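Subject: Structure handover

Hello,

Here is the structure we talked about. Please load it first, then read the notes below.

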Amino acid sequence: MGKPMRKGSHTTTRLTCHIVWVTNYRYHVLKGDIKERYRELVIQVCEVEEVDILKGVVSKDHVHIHIEYPPRTSISQLVKRMKGRTSRLLQKEFPKLQKRYWGRHFWATGYGAWSTGNITDEMVQAYLEHHRSKDDEDNSDFILE
């Protein structure tokens with residue numbers, strides 16, 4: 001499932017995210033050669049951005065992708081690059097898409113993104129709560145150890 005940790009000169013991270021976006025009007029256009037070319041293009045964008053694809057699915061009208069990414073990466077900018085590059089090149093390479101998307105908007109506006117990881121929110125909360133002293137009367141969610 002990708003590299004266990006990403007190490008920088010001053011950081012150790014494992015940032016993962018599940019992202020979903022859809023074709024404009026939910027048209028079923030991600031089929032055959034278009035679907036295969038689309039996958040190639042997304043892989044290229046991810047390689048340039050140093051993003052590891054942990055798993056992905058290209059459906060006929062939407063895409064799911066589970067990634068591991070470097071801390072400098074903005075998910076919104078990454079999705080913008082993936083959607084922009086693929087839209088431009090697919091419409092250039094497949095003229096029938098230009099007819100369907102005469103306004104050049106291949107992808108619907110927006111996307112969904114959810115952080116993923118190897119521990120739950122409850123596990124992090126319990127670990128942090130463990131730092132509260134037994135005689136602490138301050139019930140703040142920001143604990144002073």
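A hairpin joins β4 to β5, and 3 residues make the connection. Keep in mind that this is a predicted model. Strand β4 covers residues 52–58 and strand β5 covers residues 62–69. The two pair in the antiparallel sense, over 6 bridges. Within that pairing, G56 stands opposite I65 of β5.

Next, the backbone. Two residues have a positive phi although neither is a glycine.

- R26: phi is about 55 degrees. R26 sits in the loop between β3 (15–22) and α1 (32–48). Its relative accessibility is 43%, so R26 counts as partly exposed.
- E50: phi is about 60 degrees. E50 belongs to the loop between α1 and β4. Its relative accessibility is 46%, so E50 also counts as partly exposed.

That second loop leads back to the hairpin: E50 lies between α1 and β4, and β4 is joined to β5.

Now the surface. Which residues form a nonpolar patch there? They are I119, M123, V124, Y127 and L128. Together they have about 480 Å² of accessible area. L128 lies in helix α4, which spans residues 121–129. Why does L128 count as partly exposed? Its relative accessibility is 44%, and partly exposed means between 20% and 50%, so L128 falls in that class.

For your first look, I would start with the hairpin, then the two loop residues, then the patch.

Best wishes

Notes:
Residues are numbered from 1 along each chain as its sequence is written. This is a predicted model: local features need pLDDT of at least 70, side-chain atom pairs count only at pLDDT 80 or more; totals for chains, interfaces and linings use all residues. Side-chain values use heavy atoms; hydrogens and water are left out. Two strands pair if DSSP finds at least two bridges between them. Helices (H or I, at least four residues) and strands (E, at least two) are DSSP runs, numbered from the N terminus. Patches are made of residues with over 30% relative accessible area and no salt bridge: like charges are joined within 9 Å, nonpolar side chains (Val, Leu, Ile, Met, Phe, Trp, Tyr) within 5 Å. Accessible areas come from the Shrake-Rupley method with a 1.4 Å probe; for residues, only the protein chains shown count as cover. A salt bridge is a side-chain nitrogen of Lys or Arg within 4 Å of a carboxyl oxygen of Asp or Glu. Buried means under 20% relative accessible area, exposed over 50%, partly exposed in between (1.4 Å probe, protein chains only).
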